[in-house]
Amino acid sequence: MGSATREALSAVREVLAQQGSAADLGVGEELFSLARLLGSSTQLRNALADPAAEPDAKAELVQRAFGGKVSGAALAGLSTAARQRWSAPADIVAGLEEAGVRVIAQSSPESVRLGDELFAFAGAVQSDPELELALRSKLADPAAKVGVVERLLTGKASAQAIAIVRQLVADPRGRGTREALRWAQLTVADQKRAVLATVTSAQALSAAQLDRLRSVLSARYGKPVALNTVIDTSLIGGLRVRVGDDVIDSSIATRLTDVRQQLA
């Protein structure tokens, strides 16, 4: 990501944060729709991301094209995006999608465990090759893929999680489904000012063990920690914790491997 795009994203995030409670699930879905529209229209995308055009002229184009058609909060987000300088025209599409995820994460009720739901769906995709193929197929109709998501998740996941997954499968932009879901999890965690840790253990950890692990990791990274838990019996015992590029491996399987290598 270029520095121009990072600054543009920051500006869009700031404007949407100023919308307060008006920036809700519906606004997040509108931002997704706008991202898909710009992704499908080279002319419009290039016009709004043109670094040589005057910011006011681009904002006026947004007003003419979308005024009265989307909410004020979504219009403010798009107008701000149009005023910015992006490292590449395609970045404005990715930026609007990210803004949509952040708005949904920020406006989600405390009872919605959005990151956990996205992780659970990623696990379902990983365990079902046919499902993964159906969702990542370039030949499949996006509407059909969205239909698959809705049939699988309606009544089982929050409206917020369903909205994000719908967007990711409708407009993958070259990403695999699991890759896109991982990105969404990281974005949700970052919006909540947390770090995302994936914890792999040989058996399920108790609530008390998870609380202690959160406390230790939070002290280490200086932020709240969102945990993804994975069961892998091949570890035999102990834990493997991944936070970004950091891997903390205290599994018995790894220790045994180390001993074998030393003996060899």
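Start by selecting Asp91, a residue of helix H6, which covers residues 90–107. Helices here are DSSP runs of H or I with at least four residues, strands are runs of E with at least two, and both are numbered from the N terminus. The model is predicted, so local features are given only at pLDDT of at least 70 and side-chain atom pairs only at pLDDT 80 or more, while totals for chains, interfaces and linings use all residues. Residue numbers run from 1 along each chain as its sequence is written, and side-chain values use heavy atoms, with hydrogens and water left out.

Keep Asp91 selected and show its surroundings. Leaving aside residues up to four places away in sequence, Asp91 touches Thr5 and Trp86, where a contact means heavy atoms within 4.5 Å. Now add Gly2: its C-alpha is 9.3 Å from that of Asp91, although 89 residues separate the two in sequence.

Next, select Ala23. This residue is in the loop that links helix H1 (3–17) to H2. Is Ala23 buried or exposed? Ala23 counts as buried because its relative accessibility is 9%; buried means under 20% relative accessible area, exposed over 50%, and partly exposed in between, with a 1.4 Å probe and protein chains only. Show Leu16, Val103 and Ser107 as well, since Ala23 touches these residues when those up to four places away in sequence are not counted. For a longer sequence separation, pick Gly77: it is 54 residues from Ala23 in sequence, and the C-alpha to C-alpha distance is 9.8 Å.

Follow H2 to Ser40. Helix H2 spans residues 25–40, and Ser40 lies in it. Ser40 counts as exposed because its relative accessibility is 59%. Which distance separates Ser40 from Asp171, C-alpha to C-alpha? The value is 9.7 Å, for two residues 131 apart in sequence.

From Asp171, move to Arg173. Arg173 is found in the loop between helix H10 (159–170) and helix H11 (177–191). Check its backbone: phi is positive, about 50°, although Arg173 is not a glycine. Most residues other than glycine have a negative phi. Arg173 is partly exposed because its relative accessible area is 35%.

Now select Arg175 and Trp183 together. The charged end of Arg175 sits over the ring of Trp183, at 5.4 Å from the ring centre. That description requires NZ of Lys or CZ of Arg within 6 Å of the ring centre and within 35 degrees of the ring normal.

Go on to Arg193, in the loop between H11 and strand E1 (195–201). Arg193 has a positive phi of about 55° and is not a glycine. With a relative accessible area of 62%, Arg193 is exposed.

The last single residue is Arg240, in strand E3, residues 239–243. Arg240 counts as partly exposed because its relative accessibility is 27%. Add Thr229, eleven residues away from Arg240 in sequence; the C-alpha to C-alpha distance is 10 Å.

Finally, zoom out to the whole chain. The chain has 13 helices and four strands, and its C-alpha trace spans about 70 × 40 × 40 Å along the principal axes. Of its 264 residues, 41% count as buried. Among contacts between residues at least 6 apart in sequence, 69% join residues at least 24 apart. The chain exposes about 13,900 Å², with carbon and sulfur atoms supplying 52% of it; areas come from the Shrake-Rupley method with a 1.4 Å probe.

Colour by charge to finish. The mean positions of the 31 positive and 29 negative charges are 3 Å apart. Lys and Arg count as positive and Asp and Glu as negative, without His and the chain ends, and each charge is placed at NZ of Lys, CZ of Arg, CG of Asp or CD of Glu.
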